[in-house]
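Please look first at the sequence and the model shown here, and keep both in view while reading. The paragraphs that follow go from the interior of the chain to its strands and aromatic rings.

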Amino acid sequence: GNKIALGNEIGQVKLIDLSSTNLALINYQVHLHPVSKIIFDGNERIITSGHDNKIKITSLKNGKTIFESKYQKGITKDNIVNGFFQNVMKYYRKPYSLISTFDKSNNGERLVYSGVSIPKGYPVIRLVDLKQHSNRRIVKNENEIKSLKFINDSSFVSCDAKDSISYWVISGKNISVNTITLPVNIEALDILDAHNILLINA
């Protein structure tokens, strides 16, 4: 690819075109709080998560939001207060929930993401089916989810703060899981090509 996307602490995504002679820079205001992760979705879209409780798909043509989903769904006093200041007054407030990790399936039809609620609540993993327009909370975890990675279009792995790795299989409306705990401090994981070899940063 010839583009680099950078996210900053005020929710902007900066797109750098390496093929241009002057390294053209385009700014998009995508989130209200720091951007936590960015991945390209083809050549015309990016998927981002932020400390503003949202994961978004944004068009690189015009910076408009194509899709967005919230991590914390419940209505609380903090939600109402923060929502008023952020959305109505356009005033920066401390985030009440942030998305820390996500991944998309190879076919681009599913997103899986997790995060942290403030004040601290039980982390959850959410699964979005972009084709079916569904958003499911598939687990309420006792520990923060550090990393998520799709193996293929119907399975993914996760690791949490207690060094447990879980393997999830999606079959229609059913989701099964197997979990193991390793005697190492897991910080992140990845999948090596099509061989499904798990790479662990410990």
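Helices (H or I, at least four residues) and strands (E, at least two residues) are DSSP runs, numbered from the N terminus. The model is a predicted one, in which local features need pLDDT of at least 70 and side-chain atom pairs count only at pLDDT 80 or more, while totals for chains, interfaces and linings use all residues. Residues are numbered from 1 along each chain as its sequence is written, and side-chain values use heavy atoms, with hydrogens and water left out.

Ser-114 has its place in strand S9, and with a relative accessible area of 0% it is buried (buried means under 20% relative accessible area, exposed over 50% and partly exposed in between, with a 1.4 Å probe and protein chains only). Its side chain reaches the backbone oxygen of Val-124 at 2.6 Å. When residues up to four places away in sequence are not counted, Ser-114 touches, among others, Tyr-71, Ile-99, Val-124, Ile-145 and Leu-148, where contact means heavy atoms within 4.5 Å.

Some of these names return in the nonpolar cores, each of them a set of buried Ala, Val, Leu, Ile, Met, Phe, Trp, Tyr and Cys residues joined through side-chain atoms within 4.5 Å. The largest core has 12 residues in all, including Ile-57, Tyr-71, Ile-99, Leu-111, Val-124, Val-128 and Leu-130. At least two residues of this core come from each of strand S6 (54-59), strand S8 (97-104), strand S9 (110-117) and strand S10 (124-129). A second, separate core of 11 residues includes Leu-127, Ile-145, Leu-148 and Phe-150.

Within the largest core, Ile-57 deserves a look of its own. This residue lies in strand S6 and is buried, with a relative accessible area of 2%. Leaving aside neighbours within four places in sequence, Ile-57 is in contact with residues that include Ile-47, Ile-66, Phe-67, Leu-111 and Leu-130. Val-128, treated by the same rule, has Phe-67, Leu-111 and Tyr-113 among its contacts.

Further along the chain, 4 strands form an open, antiparallel sheet in the order S12-S13-S14-S15, where two strands pair if DSSP finds at least two bridges between them. Strand S12 (145-152) and strand S15 (174-181) are the edge strands, each pairing on one side only. S12 is joined to strand S13 (residues 155-160) by 6 bridges, the two running antiparallel, and Ile-145 stands opposite Asp-160 in S13.

Two loop residues merit attention for their backbone. Asn-53, in the loop between strand S5 (45-50) and S6, has a positive phi of about 75° although it is not a glycine, and it is buried at a relative accessible area of 1%. Asp-163, in the loop between S13 and strand S14 (164-171), likewise has a positive phi, near 65°, and is buried with a relative accessible area of 16%.

What, finally, do Phe-156 and Trp-168 form? They form a stacked aromatic pair, 5.7 Å centre to centre with 10° between the planes; rings of Phe, Tyr and Trp (its six-membered ring) pair if their centres lie within 6.5 Å, and planes under 30 degrees apart count as stacked, over 60 as edge-to-face and the rest as tilted. Phe-156 belongs to strand S13 and Trp-168 to strand S14, 12 residues apart, and both are buried. Together with Phe-150, Phe-156 and Trp-168 form one aromatic cluster.

Definitions and conventions: Polar contact = N/O pair within 3.5 Å; in protein donor to acceptor, adjacent residues only side chain to side chain.
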